[in-house]
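Subject: Structure for your review

Dear colleague,

Please find below the structure that I am handing over to you. I would be grateful if you would look through it together with the notes that follow.

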Amino acid sequence: MNRKISITWLFLVLATLSFAQKTKVANALTFQQEGDLKTAYETIQEALNPENPKAVKKTLYWAGTWEVKASILYDIHKAGIRNIVFEPLLESYKAYNRAIELDTKNRMLAGIKEDLHKMQPDLTDMAVKAFKLGRFDVALEAYQKYFEIADLPLLKDEEPMKIDTAIYYNAGLAAFSSKSWPNAIQFFSKTAHNNKYGEDSYFYLYGVYQAMSDTLKQYETLKEAFNKYPESENINIELVKFCIATERPDEAIDYIDFAIKRSPDNATFYTLKGRALEDAGNDNDAIEAYLKAIELDANLFVPTYNLAVIYYNRGVYFINKAIKLPQDKNDEYDQQVAIGTLELVKGLPLFEKAKEIQPNDEKVNESLKFIYSHMEKTNNIN
C-alpha cells in the first residue's frame, strides 16, 4: 500500500520521541518497507501487547500504532501470505477502524480513508471468492466492511461515494445464503426498484419473509412486486399461488384474469383459476377452467386430476346420500346412486389419463380402485 505521506508523518513523530516502544513501531515500519512482513507483524504486535506496561502506556492507545498494523496486514493480504494471520484483510480493516477511534482530532483520517478506499475492491473480490466457496458469512462480512467504508465521515469538499447496485445485490445474496434475514432485507430493499435486479430481489425478499413465517410481509411484498413489475409472469403466478394458499380466492381470480388477458394460451393460468374457483365454491366454472387447461395441454396432470376429483367427490356425495336414506326409500335410493354413478363415470377417463401421466400416484390408483369396484357392484361395466 502506498502510504508515503502518512509514513513520512510517522517517522517525523517518531524522530521527536525517544521511547523504546514507539521505536518498535518504527522498526515494524522498516521491516514492512523491506518486505519482511512476518517480522513486521510480530514487531507491531509487541507494541500492542496489552500485558506489557510500556506498550499500554505508550503505543497500545496510539492511533499511529494501529495504522501501521493495518498497513502491514494489508500488505500481507496483497502478498497472499496465509501463515501469519487468519483473514488479514478483515484484520487490516479492524486495525484501521481502531486507528480512527483513537485519532480523536482526525489528523490521520484523510490518509486512512484513502487507504480504506483502496481496500474496497479487495473486499468485494474476497466476498465473491468466499461466496463461491460457500463461506457465506465471510462474504457477508466483507460486503458489510465495504459499505462501512463508504459511510465514513466525509472530509471537506468530499462527495458521497456512489455504490454500484450490483454490490448491494451480491451482498443480499450473501446475507440470504447465510440466513442473515435483517441484512438480506436491507440489501434487497435497495435493489428491488432497479430494473436489472428488481424482480429477483422481490423474490428473495418474499423468500426471507417465508423463512420468517411473516405472512403479512409475504403478501405485501408480492403485491408491491406485482405493482412494480406487472408484466412479470413469474410474479403474477406466485401472487396467485399465495392468494390461493392463504384462502383469498377472489383476489386470486382477479390476478389470474389479468394474466390470462396477457397470455390467453397459458394452461397453467387456467389450472390456477380452476383451483381458485373451487376454493370460492364455484365448481361449475372451475370445471370450465380445468377443461380449458386440458384443451391447451392434454398432458398436464394437475388440471386432469383436479377435474377428475370434482366428479369423484360429486359421485361419492350422491352415493353417501343414498346410503343414509331409510330402507323403504328404494326408488330414491336408486335415483341417488344412479346420479352418483354418472358423476363417477365422468371422472373415470380423467383418472385413467392421470394414471398415464403419473402411473405411481397413490391417490389416482385408490380413486380408480373405488370407481371400478362401485361400477362392478352396480353392473355398469362388464
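The largest pocket has a volume of about 490 Å³. Please bear in mind that this value, like the others in this message, comes from a predicted model. Of the 18 residues that line the largest pocket, His-77, Arg-82, Glu-87, Pro-88 and Met-126 are the closest to its centre. Three elements each give two or more residues to this lining, namely α5 (63–79), α6 (88–102) and α7 (109–132). The largest share comes from α7, with 5 residues.

I turn next to the nonpolar interior. The largest nonpolar core has 116 residues, and the members that touch the most others are Leu-116, Phe-147 and Phe-351. If neighbours within four places in sequence are set aside, Leu-116 is in contact with Tyr-93, Tyr-96, Ile-100, Ile-149 and Leu-152. As general background, nonpolar side chains in soluble globular proteins tend to be buried together.

Aromatic residues were also examined. Across the whole structure, the search finds 20 aromatic pairs. One of them joins Tyr-146 and Phe-147: the ring centres are 5.7 Å apart and the planes stand at 90°, so this pair is edge-to-face. Tyr-146 has a relative accessible area of 7% and is therefore buried. Phe-147, at 8% relative accessibility, counts as buried too.

The rings of Tyr-206 and Phe-242 form an edge-to-face pair as well, because their planes meet at 80°, with the centres 6.3 Å apart. This pair links distant parts of the chain: Tyr-206 belongs to helix α11 (residues 198–211) and Phe-242 to helix α13 (residues 233–245), 36 residues apart. Tyr-206 counts as buried at 6% relative accessibility, and Phe-242 is buried with a relative accessible area of 4%.

In addition, one aromatic cluster is formed by Tyr-169, Phe-176, Trp-181, Phe-188, Tyr-197 and Tyr-204.

Finally, there are charged side chains placed over aromatic rings. Arg-248 lies over the face of Tyr-219, at 4.1 Å from the ring centre. Lys-228 lies over the face of Tyr-229, at 6.0 Å from the ring centre.

When you open the model, you may wish to begin with the lining of the largest pocket, to which α7 gives 5 residues, and then turn to Phe-147, which is buried and is among the residues that touch the most other members of the largest nonpolar core.

With kind regards

Definitions and conventions. Residues numbered from 1 in each chain as written. Predicted model: local features only at pLDDT ≥ 70, side-chain atom pairs only at ≥ 80, totals over all residues. Heavy atoms only, no water. Phe/Tyr/Trp six-rings, centres within 6.5 Å; stacked < 30°, edge-to-face > 60°. Buried < 20%, exposed > 50% of the residue type's maximum accessible area, 1.4 Å probe, protein only. Helix = DSSP H or I, 4+ residues; strand = E, 2+ residues; numbered from the N terminus. Lys NZ or Arg CZ within 6 Å of the ring centre and 35° of its normal. Core = buried A, V, L, I, M, F, W, Y, C linked by side-chain atoms within 4.5 Å. Contact = heavy atoms within 4.5 Å. 1 Å grid on protein atoms, 1.4 Å probe; cavity = no way out; pocket = protein on both sides within 12 Å on 5 of 7 lines; lining within 4 Å. Points joined across faces, edges and corners; volume = space filled by probe spheres on them.
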